[in-house]
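Please look over the sequence and the structure shown below before reading on. The paragraphs that follow take the strands and the meeting of the chains step by step.

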Amino acid sequence: MILGRVLGTVVATVQHPYYSGKKQLLVGALNPDGTLDGSRYILALDTVGAGVGQTVLVEDEGNSARQILGDSKAPVRSLIVAIVDDVTEG
Amino acid sequence: MKLGRVIGTLVATVKPEGMKGLKLLIVRPLTADLKDDGDPFVATDASAQASSGDLVTWEAAREAALLHDPWFVPIDHAVVGIVDQHHLGEYPGRRG
């Protein structure tokens, strides 16, 4: 899983039917000290109601995503699975 | 998923049976703030309507293969959708 911060949103009208009506968020990877990595990012489906600015946990593996979605044929790899309250380093 | 820009299309007559009928696009991967991010690749079009110049979302590996119907075709990248709106808050961009 990846620690990230929700940076923005992406809206697509024409897309694969599985993604219709599902919220897609741009998540930037965070360093353990909470600063943005700046190069790594993921476009993930939201399963927890996350918003821009929140620190989240992103699952970036297809089989886990399909397990969480409960659909063995879901064409999805990246999911926001948790909203992080607090990170302690060291 | 990741963001990308469709920079071309291509047609192949001789190809695997499982790829028949799938539209092929050349996609350049982009960073979160829409800057070029590496070498272009060829992807199938699971959005059905993507064309040159479109800002798109794409998926790779097994998930790309799952995007098509019938599912699990022999491909490694697929375009998922065409982006209408892209909003990015404060972003430091790539360092160095």
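Which residue is the bridge partner of Val56(A) in β5(A)? To find the answer in this predicted model, look along β5(A) until you reach Ile83(A), since that is the residue with which Val56(A) is bridged. This pair belongs to a longer ladder, for β4(A), which covers residues 55–60, and β5(A), which covers residues 78–83, are joined by 5 bridges and run in the antiparallel sense.

From β4(A) the path can be followed to another strand of chain A, namely β1(A), with which β4(A) forms 4 bridges, again with the two strands antiparallel. Here a useful pair to pick out is Ile2(A) and Val58(A), the latter lying in β4(A), which stand opposite each other.

The strand β1(A) also reaches across to the other chain, where 6 bridges connect it to β5(B), a strand made of residues 77–88, and this pairing too is antiparallel. Within it, Val83(B) of β5(B) is found opposite Ala12(A).

With this pairing in mind, one can turn to the whole region where the chains meet, in which 25 residues of chain A are in contact with 30 residues of chain B. On the side of chain A that touches chain B, at least two residues come from each of β1 (2–15), β2 (24–30) and β3 (36–46) of chain A. The largest share of that side is supplied by β1(A), which gives 9 residues. Sorted by class, the side of chain A that touches chain B is made of 13 nonpolar, 10 polar and 2 charged residues.

It remains to consider chain B by itself, which has 5 strands and 1 helix. Read from the N terminus, its elements follow the order β-β-β-β-α-β. Chain B has a radius of gyration of 14 Å, which is close to the 12 Å given by the globule rule for 96 residues, and it is therefore as compact as a globular protein of that length. The C-alpha trace of chain B extends over about 45 × 25 × 20 Å along its principal axes.

Two further values describe the inside of chain B. Of its 96 residues, 36% count as buried, a class that requires 20 or more other C-beta atoms within 10 Å of a residue's own. If one then takes the contacts in chain B between residues at least 6 apart in sequence, 55% of them join residues at least 24 apart.

Terms used:
Residues are numbered from 1 along each chain as its sequence is written. Chains are lettered from A and ligands numbered from 1 in the order in which they are written. This is a predicted model: local features need pLDDT of at least 70, side-chain atom pairs count only at pLDDT 80 or more; totals for chains, interfaces and linings use all residues. The radius of gyration is taken over C-alpha atoms; the globule rule is 2.2 Å times the number of residues to the power 0.38. A residue is buried if 20 or more other C-beta atoms lie within 10 Å of its own, exposed if 12 or fewer, and partly exposed in between; C-beta atoms are placed from the backbone. Two residues are in contact if their C-beta atoms, placed from the backbone, lie within 7 Å. Ala, Val, Leu, Ile, Met, Phe, Trp, Tyr, Cys and Pro count as nonpolar, Asp, Glu, Lys and Arg as charged, and the others, Gly among them, as polar. Two strands pair if DSSP finds at least two bridges between them.
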